[in-house]
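Open the model in a viewer and keep the selection tool at hand. The tour below goes from one selection to the next and says what is there.

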Amino acid sequence: MDLVDPVTAILLLAAGAVVAVLGGFVLTLVSDTVRRPSFRRLAVRNIVRRPGEAALVVAGAMLGTAIITASLIMGDTVERSIADDARTDLGPLDVAVRSVDEGRAADLAAAWATSAPTGITDVTLVRSLPVVVTVGEGSEVRGEPAAVLVEADLDVLADFGGDRSITGFADHNQPVAPGSVLVNETLADDLGLRSGDTLTLHAVGTSIEVTVDEVVNRLGVAGHGPTAAVGFALRSPAPIFVAPGTIDALVGDDAGEPDDAGATPPAQVLHEVWLSTGAGVFVDPDQLTAAGDAVDAAVVDDPDLVVRPLKANVLEAAARNGAALTELYASIGGFSVLAGILLLVNLFVMLSEERKTELGMLRAVGVKRNQLLRVFGLEGAIYSLAAAVLGAVVGIAVGAAITGVAARLVAAEGAAGRFELAVHPSTLATGAAIGLTISLVTVLATSGRIARLNVIRAIRDLPEPPRRPTWRGTAAALVGVGVGLVLLAVGLAAEAQIPTLVGVPVAALSAIPLLGRRLPTRVAIGVPAAVALAWGASVFALLPGIMGDLDFDTFVLQGVILVAAGVAVASVADRVWARLARAGSGTGVSLPLRLGLAYPLARRLRSALLLAMYSLVIFTMTLLSLFAELFAGQAPTFTREVSAGYDLYVDSSAANPVATEELVAIDGVEAVATLRRALPFWEAGGLEAQPWPMSGIDDAFVARGPEAVTRWLPELGSRQDAYRAVLDDPTLVLVPDFFLQRNAGPPTRVVELGDTMVVRNTATGEERRVVVAGLVANDWVGSGVLAGDALVEELMGATSSPNRHYVAVAPGIDPEAVAGRINGTLLASGADATTFAAAVDRALATNLGFFTLLRAYLGLGLLIGIAGLGVVMVRAVRERRREIGMLRAMGVSSRTVRRAFLFEAAFVSLQGSLLGVGLGTLVAWQFITSTEQFGTDNPFAVPYAVLGLILVVPIGASLLATLAPARAAARVAPAAALRVAD
Amino acid sequence: MPGTAPAPPPAADTILSARDVRKVYRTGSQEVEALRDVSLDVATGDMVMVMGPSGNGKTTLLNCLAGLDDIDDGVVLVDGDDIHRMSDGARTEHRAQRMGFIFQAFNLIPVFSAVENVELPLLVGDRRPAEARRRAVEMLERVGLGDRLDHRPTELSGGEQQRVAVARALVSEPAIVWADEPTGNLDSHTAGSVLELLHEVHDSGQTLVVVTHDRGIGLSGQRLVQVRDGTVVYDGPPSEDAVDRAVSTVPG
């Protein structure tokens with residue numbers, strides 16, 4: 001049963017209804033602004049009369065918009081930074097057709113030069129070869145393991161696509177002379193190259209020396225190095241443009257001198273036909289698709305040719321990752337936005353209660369209900385509009401701050417490309433529009449509540465009596481209970497997470513009005529809320545089959561349910577708090593404590609709004625912190641899992657890989673396992689075929705007891721047996737947790753144990769069906785799918801390379817020292833040795849950096865909570881002025897009044913913090929111990945220091961935020977507060 | 001006129017003595033002299049009715065004599081203490097120990113129950129909570145609200161709320177009770193019962209200063225002080241004529 005469509009349909013219907021109601025509301029307000037000067041005056045009067053308070057409301061309402069806008073800006077920035085690769089690495093190059101057969105590629109280029117597929121304007125033939133580059137001598141030698149020689153007609157490339165300014169060769173007019181090369185600025189910067197410098201190019205066991213003729217910009221085709229089909233690199237290979245014949249000089253019959261040692265695997269010369277649509281860098285996606293389809297159609301059924309839609313891939317990845325980042329930040333920010341909405345509701349409720357008498361008088365002198373709603377609505381709309389504009393502007397600042405930090409993290413990870421702030425005008429408009437919509441809905445709801453006030457009670461400032469049950473309310477409650485139960489049943493039947501999760505809480509909370517007819521309010525609210533809380537907290541453990549792999553939306557929803565239910569339980573537990581306050585009697589704090597607790601305990605709705613605002617943010621902060629702590633503490637476990645019993649791994653040039661014997665000969669090396677690497681395409685999990693790395697393992701790999709497999713087919717026996725089975729059986733593979741995942745975020749498994757997948761060599765068209773024999777956790781060194789060496793070699797042939805080695809060092813030897821020796825000795829093969837501990841530390845540091853970034857982002861929510869409490873307290877002082885005056889008249893000291901306000905703030909923030917930390921810890925514990933999101937066998941250790949900090953810092957900050965209003969309360973002059981006309 | 005004569009020095013049983021009290025309200029550049037050289041003595045056990053038309057300074061006089069508001073000139077002695085020479089803290093403590101207040105708008109703390117409102121002055125005075133609760137219950141029973149102890153102000157009628165306010169003003173056995181229009185928000189029947197309560201309190205020896213413009217209340221006191229344009233224009237027995245003049249808006 002497919003639940004997505006009905007749910008989406010319901011959401012769309014609800015959104016449509018909101019838009020319709022809101023549209024009508026806005027049109028009415030606009031009409032009133034133009035045609036009803038009296039309404040306009042009434043609405044504006046309070047803003048002008050109390051500019052400070054108006055500013056507070058706008059500031060509170062603005063924060064939500066800022067968070068939404070910042071999320072969107074993060075998406076823009078990521079999209080722009082990835083899309084920028086199209087400018088720096090492709091330029092006019094849109095599609096490449098690859099072949100390992102030189103003749104086939106040349107024929108194709110010749111044929112298309114006269115009659116290209118529809119939409120293609122430029123065609124050129126390019127040869128390439130992966131090489132290792134070194135420069136300097138002796139201890140000064142520097143190298144780049146991932147470079148690629150490119151042989152092409154530079155005159156053609158300079159004009160490729162019809163726009164010289166985007167090719168990167170605009171200023172280059174001469175062909176490259178034999179023995180000379182052109183390098184781009186990236187490689188030149190990395191190796192410190194200038195014109196005239198001598199480079200050594202190493203490939204397949206031979207090397208030649210060349211001279212740098214010129215350094216060109218990294219732009220367009222001058223930045224494009226055709227990727228060798230082995231392994232995944234964070235950086236695309238640096239292109240080195242060479243004269244025709246240079247590649248043959250390295251790998252042909254007249255190849256140069258063999259290196260002293262090394263294997264001589266088959267050459268990996270690639271022949272590509274580069275195609276351009278002539279539409280510039282950022283081509284319209286439809287045009288790209290059409291051109292790609294035309295090229296596909298032209299090469300269909302030719303197994304020797306592989307079409308690579310380079311531009312479309314880059315632009316699609318940009319859009320996809322931008323959207324993923326927006327979603328991630330919007331989800332995390334969603335808690336803060338919710339907190340912002342609660343603050344806004346609270347502010348408007350306070351505003352309406354403060355104005356009650358005034359609004360009652362307006363009603364008394366003949367202002368109709370709907371007119372009152374419109375006047376108050378107009379005032380709220382003015383606040384909302386100001387907040388939306390201000391929020392969008394502040395959102396840019398927040399986005400800039402986050403982008404700055406993210407850029408440093410990305411740079412630390414070693415990724416290429418720029419990461420600069422990008423703000424689309426449409427993003428600002430969208431952020432402001434979403435913020436405005438949220439504010440207007442809040443305003444509309446609050447205004448509606450105000451318009452219902454009873455004139456006499458409003459004028460005399462009397463509380464509204466409890467509402468009597470109506471048949472409509474009863475019917476709505478019954479429908480709510482029914483809907484909840486249906487959702488639960490559907491969720492269980494379809495094994496769908498969201499209906500399963502929300503079913504019980506919806507039914508329980510809908511039952512409150514029904515229970516309220518028979519039971520005391522505390523019981524009628526407390527029991528269903530406790531049921532919802534218990535369900536939300538235990539559903540993982542109760543239904544691991546359904547809730548096992550929690551997705552992010554479900555996680556957000558669970559947080560909201562738990563916090564809402566927790567707040568409801570806390571709000572009816574007032575007697576417990578009152579008793580505790582009385583227990584403090586006789587101490588110096590007893591009177592301020594009683595005064596401080598009296599208001600939040602008596603005004604449950606407002607306290608609940610404040611509490612929910614606070615707890616939501618603390619809840620999320622707790623979760624993020626616990627996950628970050630878990631990661632930080634897992635370095636030894638991750639290292640053990642990823643290392644397979646070895647100490648370091650050595651990657652080397654696919655074209656000129658390190659030989660196992662070379663490593664064994666290094667001082668301190670005890671054992672070496674060789675992994676044959678390749679990048680085949682996979683069809684799995686119903687997804688279209690995608691590339692993912694694959695590594696062939698050998699006996700040595702299995703020998704030292706690898707532990708990364710967390711689950712395996714039971715019939716295979718032990719963990720070691722699972723590895724052994726994969727080694728021996730070419731139909732079995734081990735799949736890592738991020739397999740085929742294209743977005744950032746937690747792993748989302750696309751295959752399960754026992755699933756069958758198709759793995760294909762796109763160069764030859766050969767394919768195999770393989771079975772998922774085991775699932776691997778934490779593939780942080782990117783080995784990809786593990787298979788027997790025989791399968792990889794047989795299927796991938798020349799497009800694979802034994803260029804990764806796991807190395808174990810002898811007891812007592814420092815792995816870092818051995819890594820240094822390997823890098824120094826095997827430079828010609830581009831050897832890059834890294835200890836597993838260092839690789840894990842680096843990966844952890846990046847992950848933790850992003851957690852920190854998310855926490856900082858969430859800090860905005862905390863700011864809402866803290867500032868919100870301060871704002872509410874400012875208003876509370878105004879609202880309670882007369883009562884403060886009476887207390888002062890009775891002899892209550894100004895110190896006691898001040899302390900009462902501080903106790904009140906401490907009470908709310910302590911409750912909120914305890915609730916948030918408690919629920920956050922509970923969910924984190926379940927998330928970590930009951931699901932595989934963060935691997936299995938993860939011990940859950942409570943980081944008391946971190947939790948203590950989360951408890952203490954917000955409470956302290958809240959007290960600081962309350963200090964000013966508390967002082968203002970203490971300064972209230974009794975006679976002025978009590979004064980009535982004589 | 002009787003009120004124009006200089007006030008004699010305070011007698012030995014005088015609980016309140018005010019001399020040449022002056023109070024000016026300042027709003028921007030505007031100054032309004034609300035009290036002009038007011039002198040007044042109140043003996044222990046007195047029940048003084050302060051009357052006068054609206055806006056002539058009755059409440060200001062009460063606020064200044066009780067130390068709720070500052071004065072610009074003069075001296076106010078309560079039980080021999082010059083309250084306007086005290087720090088704010090000392091004056092507040094003095095109020096807690098020596099004074100009780102009843103206001104027209106009741107001014108009960110809405111989030112406290114009746115008994116919690118009444119025990120508040122005792123807690124302010126550092127009485128033990130159990131003792132405070134016992135005395136608050138006794139006081140509420142005395143004002144006829146023994147069955148409404150746990151009701152919040154919004155659950156009580158206007159008369160009941162004012163009875164709670166009276167109980168709160170009396171519970172700490174203050175030297176003097178100030179009442180500002182205690183029946184102003186009540187219907188005549190309820191006002192009558194509250195007035196009866198105030199007389200009972202007075203009969204038990206309590207000093208009361210009551211600001212009112214209710215003719216009936218004015219006549220029921222021992223002494224009438226008429227305030228007009230910020231000065232005391234009459235201080236004497238509450239005769240029919242004096243009370244009529246006090247409530248009249250026409251000077252005379």
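Start with chain B, bearing in mind that the model is predicted. Chain B holds eight helices and ten strands. Its radius of gyration is 18 Å, close to the 18 Å given by the globule rule for 252 residues, so chain B is as compact as a globular protein of that length. Turn it along its principal axes: the C-alpha trace spans about 50 × 40 × 40 Å. Of the 252 residues in chain B, 51% count as buried. Among contacts in chain B with a separation of 6 or more, 67% are between residues 24 or more positions apart.

**The sheet in chain B**

Select strands β2, β1, β4 and β5 of chain B. In that order, these four strands form an open sheet with antiparallel pairing. Which strands stand at the edges? They are β2 (30–43) and β5 (81–82) of chain B; each has a single partner strand, so one side of each is left without a neighbour in the sheet.

Now narrow the selection to residues 14–27 and 73–78 of chain B, which are strands β1 and β4. The two run antiparallel and are joined by five bridges. To see one bridge pair, pick B:Arg22, whose partner in β4(B) is B:Asp73.

**Helix α3 of chain B**

Next select residues 114–124 of chain B, which make up helix α3. How many of its residues are buried? The count is eleven of eleven, and the helix is mostly covered. The buried residues include B:Glu116, B:Asn117 and B:Glu119 as well as B:Val115, B:Leu120 and B:Pro121.

What do the buried residues of α3(B) pack against? In chain B they pack against α2 (88–98), α4 (129–142) and α5 (158–170), and in chain A against α21 and α30. Just past the helix, select B:Asp126: this residue follows α3(B) and has a positive phi, near 65°.

**Where the chains touch**

Show both chains and select the residues in contact between them. Chain A gives 24 residues to the contact and chain B gives 31 residues. On the side of chain A that touches chain B, α21 (590–602), α30 (881–890) and α33 (974–978) each supply at least two residues. The largest share of that side comes from α30(A), with six residues. Colour the chain A side by residue class: 15 of its residues are nonpolar, five are polar and four are charged.

**Chain A as a whole**

Hide chain B and look at chain A. Its secondary structure comes to 33 helices and 21 strands. Of its 982 residues, 50% count as buried. Residues 24 or more positions apart make up 82% of the contacts in chain A with a separation of 6 or more.

Colour chain A by domain, using these ranges:

- domain 1: 1–88 + 316–462
- domain 2: 95–308
- domain 3: 470–582
- domain 4: 584–633 + 839–982
- domain 5: 636–838

How many ångströms separate the centres of domain 3 and domain 4 of chain A? Taken over C-alpha atoms, the separation is 24 Å.

**Strands β2, β5 and β6 of chain A**

Select residues 122–135 and 198–203 of chain A, which are strands β2 and β5. They pair in the antiparallel sense over three bridges. Here A:Val132 stands opposite A:His202 in β5(A).

Add residues 206–216 of chain A, strand β6. This strand also pairs with β5(A) in the antiparallel sense, over six bridges. One pair to pick out is A:Thr200 with its bridge partner in β6(A), A:Glu209.

**The nonpolar core**

Bring back both chains. The largest nonpolar core has 379 residues, and those with the most contacts inside it are A:Ile240, A:Val273, A:Val726, A:Val733, A:Val807 and B:Val50. Select A:Ile240 and its contacts: leaving out residues up to four places away in sequence, A:Ile240 touches A:Val133, A:Ala147, A:Val148, A:Leu149, A:Val150, A:Val181 and A:Val183.

**Last stop: A:Arg821**

Select A:Arg821, which lies in helix α28 (residues 815–825) of chain A. The residue has 15 C-beta neighbours inside 10 Å and therefore counts as partly exposed. Which residues does A:Arg821 touch, not counting those up to four places away in sequence? They are A:Ile666 and A:Asp667. A:Ile666 is 155 residues from A:Arg821 along the chain, and 7.4 Å separate their C-alpha atoms.

Technical notes:
Residues numbered from 1 in each chain as written. Chains lettered and ligands numbered in written order. Predicted model: local features only at pLDDT ≥ 70, side-chain atom pairs only at ≥ 80, totals over all residues. Buried ≥ 20, exposed ≤ 12 C-beta atoms within 10 Å, placed from the backbone. Contact = placed C-beta atoms within 7 Å. Rg over C-alpha atoms; globule rule 2.2 N^0.38 Å. Domains from an automatic or database assignment. Core = buried A, V, L, I, M, F, W, Y, C linked by C-beta atoms within 7 Å. Nonpolar A, V, L, I, M, F, W, Y, C, P; charged D, E, K, R; others polar. Pairing = 2+ DSSP bridges.
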